Amino acid sequence: MNPVNYLYLAALLFTIGASGVLIRRNAIVLFMCVELMLNASNLALVTFSRMHGNLDGQVIAFFTMVVAAAEVVVGLAIIVSIFRTRHTASVDDSNLMKL
C-alpha cells in the first residue's frame, strides 16, 4: 500500500475527531474524539517515520500513547466525579467546578 493512503486515512480520522469535539456535548464522546485525533496523529507520525526510514516518529508516537493513556485515566475520573454529583455527563451543565 502507498504511504499516502495512510496519510489520507490519518487526515480523515483527525477530521472526524475534530468535528466530534466541535459538535458533541457529551464528555465521554469528547474524550473518545480526542483519542481518535491522537491516534490519527500517531498514524501520521509512524507513516512519516516509515517513509524517511528512521524511528524518531515511532518513538514520539509511543510517548503520545503514554500521555493519552494518562489523560484518559485522569479525564474519566473527573467525568465520573462530575456525573456522581450532577447526574449528567453534559459539558454544558458542568461549567462550574464547584458542587
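Helices (H or I, at least four residues) and strands (E, at least two) are DSSP runs, numbered from the N terminus. The model described here is predicted: local features need pLDDT of at least 70, side-chain atom pairs count only at pLDDT 80 or more, and totals for chains, interfaces and linings use all residues. Residues are numbered from 1 along each chain as its sequence is written, and side-chain values use heavy atoms, with hydrogens and water left out.

**Helix α3 and its surface**

Helix α3 covers residues 56-86, and Phe-62 has its place there. The helix has 31 residues and reaches 44 Å from its first C-alpha to its last, close to the 45 Å expected at 1.5 Å a residue; the expected span is 1.5 Å times one less than the number of residues. Just after α3, His-87 takes a positive phi of about 60°.

Burial is judged by relative accessible area: buried means under 20%, exposed over 50%, and partly exposed in between (1.4 Å probe, protein chains only). The buried residues of α3 are Gly-57, Ala-61, Thr-64, Ala-68, Gly-75, Ile-79 and Ile-82. Helix α2 (27-52) is included in what covers them. Phe-62 counts as partly exposed because its relative accessibility is 47%.

Phe-62 also helps to make a nonpolar surface patch of about 610 Å², together with Leu-55, Val-59, Phe-63, Met-65 and Val-66. Patches are made of residues with over 30% relative accessible area and no salt bridge; like charges are joined within 9 Å, and nonpolar side chains (Val, Leu, Ile, Met, Phe, Trp, Tyr) within 5 Å. A salt bridge is a side-chain nitrogen of Lys or Arg within 4 Å of a carboxyl oxygen of Asp or Glu. Accessible areas come from the Shrake-Rupley method with a 1.4 Å probe, and for residues only the protein chains shown count as cover.

**Helix α2 and its packing**

The 26 residues of α2 should span 38 Å at 1.5 Å a residue, and the end C-alpha atoms are 38 Å apart, so the two values agree. Buried in α2 are Ala-27, Val-29, Leu-30, Cys-33, Glu-35, Met-37, Ala-40, Asn-42, Ala-44, Thr-47 and Ser-49. These buried residues pack against α1 (3-23) and α3. Gly-53, just after α2, takes a positive phi of about 80°.

Two residues of α2 illustrate its contacts, where contact means heavy atoms within 4.5 Å. Ser-49, in α2, counts as buried because its relative accessibility is 2%. Leaving aside neighbours within four places in sequence, Ser-49 is in contact with Asn-54, Leu-55, Asp-56, Gly-57 and Gln-58. Leu-45 also lies in α2 and is partly exposed, with a relative accessible area of 27%. With neighbours within four places in sequence again left aside, Leu-45 is in contact with Gly-57, Ile-60 and Ala-61. Of these partners, Ile-60 lies in α3 and counts as partly exposed at 45% relative accessibility. In α1, Ala-18 has its place, and Ala-18 counts as partly exposed at 24% relative accessibility.

**C-alpha separations**

The table sets out three residue pairs.

| Pair | Separation along the chain | C-alpha distance |
|---|---|---|
| Leu-45 and Val-34 | eleven residues | 17 Å |
| Ile-60 and Ser-19 | 41 residues | 25 Å |
| Ala-18 and Cys-33 | 15 residues | 6.9 Å |

**Record annotation**

An unreviewed UniProt entry lists residues 6-23, 28-48 and 60-83 under "transmembrane region". UniProt positions are given in the numbering used here, feature names are shortened, and annotations may be inferred rather than shown by experiment. In the model, the chain over residues 6-23 is 100% helix and 0% strand, with end C-alpha atoms 26 Å apart. Over residues 60-83 the chain is likewise 100% helix and 0% strand, and the end C-alpha atoms are 34 Å apart.
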